[in-house]
There are 2 protein chains.
Amino acid sequence: MIIKGATLLTMRDGESPFVGDMRIDQGRIVEMGSALLHKGSAEEEVDAHGCLVLPGFVQAHIHLCQTLFRNMADDMELLDWLRQRIWPFEAWHQEESMRASANLGLFELISGGATTILDMGSVHHTDVLFEAALESGIRYFGGKCLMDLDDGYVPKGLLESTEDALKETVRLIARWHKAAEGRLRYAIAPRFAVSCTDQLLREVAKLSATHQVLIHTHASENEGEINAVKDRCGLDNIRYLEDVGILTKNTVLAHCVHMKGGEIELLANAKSHVAHCPSSNLKLASGIAPIPDFLAAGVNVALGADGAPCNNRLDMFREMHLASLIQKPIHGPRALSAYEVLEMATMGGARALGMAEDIGSLELGKMGDVIILDPNSPEELSGGDPYAQVAFHLSGASVRDVFVAGKALKRDFEMLTMDRGAVMEDAERSWALLRKSFPDATRRSVT
Amino acid sequence: MIIKGATLLTMRDGESPFVGDMRIDQGRIVEMGSALLHKGSAEEEVDAHGCLVLPGFVQAHIHLCQTLFRNMADDMELLDWLRQRIWPFEAWHQEESMRASANLGLFELISGGATTILDMGSVHHTDVLFEAALESGIRYFGGKCLMDLDDGYVPKGLLESTEDALKETVRLIARWHKAAEGRLRYAIAPRFAVSCTDQLLREVAKLSATHQVLIHTHASENEGEINAVKDRCGLDNIRYLEDVGILTKNTVLAHCVHMKGGEIELLANAKSHVAHCPSSNLKLASGIAPIPDFLAAGVNVALGADGAPCNNRLDMFREMHLASLIQKPIHGPRALSAYEVLEMATMGGARALGMAEDIGSLELGKMGDVIILDPNSPEELSGGDPYAQVAFHLSGASVRDVFVAGKALKRDFEMLTMDRGAVMEDAERSWALLRKSFPDATRRSVT
């Protein structure tokens, strides 16, 4: 396949945008330059004149299982939001609703230019998430959520014994890790320190080392959460995670909004990764994460849209825009430039997932995880800087084509691997059931 | 015309969303209810099943003259942004580039559901702005920008004598105020206290009273600006505006980010209006305006996208989302709910422009300024609360139809009053000229 005539934003360190062509063969980028010659009629040509070509976005913190609950848990604080809405809703899930939720989210994510996601499942129906990801064609890191400690609010349907939680994790790793030629990967997902026992977290550390899989958890999103951990364990949250052994170079910590003394250095020394979720952090009144301090300390930062009920969109363009803007009143107008947030959305995510050699930038030998933006309307056309155009101006609606390892998931604004009508019908059917089970939480007339 | 079968968000105080029909006749809403009968074949029917119907958005602070400069002035602070980029660019404008800039902005605004805007022009070519607004069909409040005081940075092409500034204002009021059956209105626009003499502002107060036209200015966006006013006049900015007589019930003040002692009460007593521009305030590192304090004090607040180079989008959905989210870490998760920011985007704007009797909500007797959202895709479909859907989830891309006084400006996602191709071609021609004049400021390879 050859992509012709676009402006390439390679995200390779220090390289300026240039107009050129790119060849993808056997799933990898094999040639970039100007006026590449066509290899004959067998080769597919993608005309991209007037378009921007970028590495696909890496959404580094997602909850596909929650997509169905969008617009049903607004204007609430984190712990209320979890206990009154999200946990009861997750406990309610059946296989069918889980599949509907996953597909609704995958459609939006792929359509908006995400080629890789790191997803946290619910406690049950994790196979359904992997099956949906498999069919969609996305590059997927996911895992079942682990909750073996009752803080008094965890619904019965989500609480498990330590043994059951670990046993199911081991089964899922065996079934899904590196399936589909490595496109699917497992990430062990203890929910957060508040709902996990010491024993569980120590076993997670061992499993991660044994199987060489990621650890994906939430950390220090909210003061209430940090206080709960301190009350139980006597340690600040990040320090506690280090103590039980899960602060590793294969660990992705979502949020990290409130860092206590020395915790940024702990993260830097451990080479752990932060998945920054600016919309979610604002919407749940959690705060503004100290991203410039992380970067200054050498901590790698990725971006994520989190779940649909706390955002309420799964659009990387929105996260880039917000990630940049919210730092400026604090750190000045040059803080987190357009280029820097785009780097977080691509290479930052690749590093977080241990995939920096394979994805995150357009370089010879990397996977053909590539998106094409076609800003061909008065709202989207730009006479200015393309990084500003991507980070501040465009939205998921500009994404024309999406390729994962050279395979097209979206072409000419049409999704190829997912059935638009079926995704909507399945969601409607699950919403009808959800409304029956939770008539108050889903009423449609809040004023 | 009859709109059938939609969910109506009337924004009438305390009214819950309901499914129903709406009839518009002679430009006004004449009937709302369920299963309205068709009045025969002469009446146009708009099928809106599955759609949301809302009052059109009021964009209460816009600079159409700057749309062309989008993505050319990023990651900069307000005064640098003005002096190094925006003022030289505005001084460069010719009639043709001004028209291209206006049309580029009007297309985006209308397409995104704005039916009314309050625009601040540049110093010259103001007739072009009114002509463009006239042709587009939008409800337009605008006026030439007044700058008669050199702070050492105002380009010659923008600086005027007090007399010339006022003379041209009077001419424009006579030509445009209440033109097109009242659809176009004048708003006198001293830029900000930093670039206006006392004498000019006192005359503006008189002109506004004589002609019963709005005053539209910037105020207290930035500490540097506030200090400049204090150094010159010895007063805090809002207090100074009161002193020269322009703090009236017909005054719209953009920004109001930094309020000094007693200034919120001054605004409340004067019944002046705040146009809140959250994207712009973050992007220029200005800060976060104390909107909950304004509302608690009884100050009316509207929303605006400001100019394209400091946002970089002209989309009310983005402003609603941000306006709500940025207050939550400061004031808690219930601050500025989805409903409240939607109210600011509609009725708040109507009150600011003195049009609360005519626009801003769906009520019998009000103008037929109505938009229809069609969230008929997996990314946009919702099983939850429609206010959250509008404020947090959707974007301008969901706007299917736009009507001003019952006249269609957009139908079935197609713009009717503006030529998409011509708008883009004219913009490209002006960008080519701009690049020749400012090769450094418009280079496309910032990293």
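In which loop of chain A does A:Asn312 lie? The residue is placed in the loop between strand 14 (300-303) and helix 11 (316-325) of chain A. The structure described here is a predicted model, and the backbone at this position is treated further below, after the overall fold and assembly.

The confidence of the prediction is considered before the geometry. Chain A has a mean pLDDT of 96, with 99% of its residues at 70 or more. Among the elements of chain A, strand 7 (residues 114-120) has the highest mean pLDDT, 99, and helix 1 (residues 78-92) the lowest, 92. For the model, the scores are ipTM 0.97 and pTM 0.97.

Chain A contains 15 helices and 18 strands. The C-alpha trace of chain A extends over about 65 × 50 × 50 Å along its principal axes. Its radius of gyration is 21 Å, which agrees with the value near 22 Å for a compact globule of 447 residues. Of these 447 residues, 63% count as buried. Among the contacts in chain A with a separation of 6 or more, 74% are accounted for by residues 24 or more positions apart.

The domain assignment divides chain A into domain 1 (2-55 + 362-415) and domain 2 (57-352). A distance of 29 Å lies between the C-alpha centres of domain 1 and domain 2 of chain A. Contact between them involves 20 residues of domain 1 and 22 residues of domain 2 of chain A. On the side of domain 1 of chain A that touches domain 2, at least two residues each are supplied by strand 5 (52-55), helix 14 (386-393), strand 16 (399-404) and strand 17 (407-411). Helix 14 of chain A provides the largest share of that side, with 5 residues. By residue class, this side of domain 1 of chain A comprises 15 nonpolar, 2 polar and 3 charged residues.

The relation between the two chains was examined next. A turn of 180°, with a shift of 0.0 Å along the axis, lays chain A on chain B with an RMSD of 0.0 Å. This is the relation of a two-fold axis. In chain A, the C-alpha nearest the axis belongs to A:Ala397, at 3.7 Å from it.

The contact between the chains takes 61 residues from chain A and 61 residues from chain B. Six helices of chain A are named in this respect: helix 2 (95-111), helix 9 (278-283), helix 12 (328-331), helix 13 (338-352), helix 14 and helix 15 (420-437) each supply at least two residues of the side that touches chain B. Helix 14 of chain A thus contributes to the side of domain 1 that touches domain 2 and also to the side of chain A that touches chain B. The residues of the latter side divide into 29 nonpolar, 19 polar and 13 charged. Because 100% of the interface residues of chain A are also interface residues in chain B, the copies meet through the same surface.

Several backbone features merit separate description. Most residues other than glycine have a negative phi, and most peptide bonds are trans. A:Asn311 and A:Asn312, however, are joined by a cis peptide bond, with omega about 5°. In chain B, the peptide bond from B:Asn311 to B:Asn312 is likewise cis, with omega near 5°. B:Asn312 is found in the loop between strand 14 (301-303) and helix 11 (316-325) of chain B.

Positive phi values occur at two non-glycine positions described here, A:Ala405 and A:Phe413. A:Ala405, with phi of about 50°, lies in the loop between strand 16 and strand 17 of chain A. With 20 other C-beta atoms within 10 Å, A:Ala405 is buried. A:Phe413, with phi near 70°, is located in the loop between strand 17 and strand 18 (414-415) of chain A. In contrast to the buried A:Ala405, A:Phe413 counts as exposed, because it has 12 C-beta neighbours inside 10 Å.

In chain B, B:Leu166 is part of helix 4 (residues 162-176). B:Leu166 is buried, with 20 other C-beta atoms within 10 Å. B:Leu166 and B:Asp231 are separated by 65 residues in sequence, and their C-alpha atoms lie 25 Å apart in space.

Note on methods:
Residues numbered from 1 in each chain as written. Chains lettered and ligands numbered in written order. Predicted model: local features only at pLDDT ≥ 70, side-chain atom pairs only at ≥ 80, totals over all residues. Least-squares fit on C-alpha atoms with pLDDT ≥ 70 in both. Contact = placed C-beta atoms within 7 Å. Domains from an automatic or database assignment. Helix = DSSP H or I, 4+ residues; strand = E, 2+ residues; numbered from the N terminus. Nonpolar A, V, L, I, M, F, W, Y, C, P; charged D, E, K, R; others polar. Rg over C-alpha atoms; globule rule 2.2 N^0.38 Å. pLDDT = per-residue confidence, 0-100.
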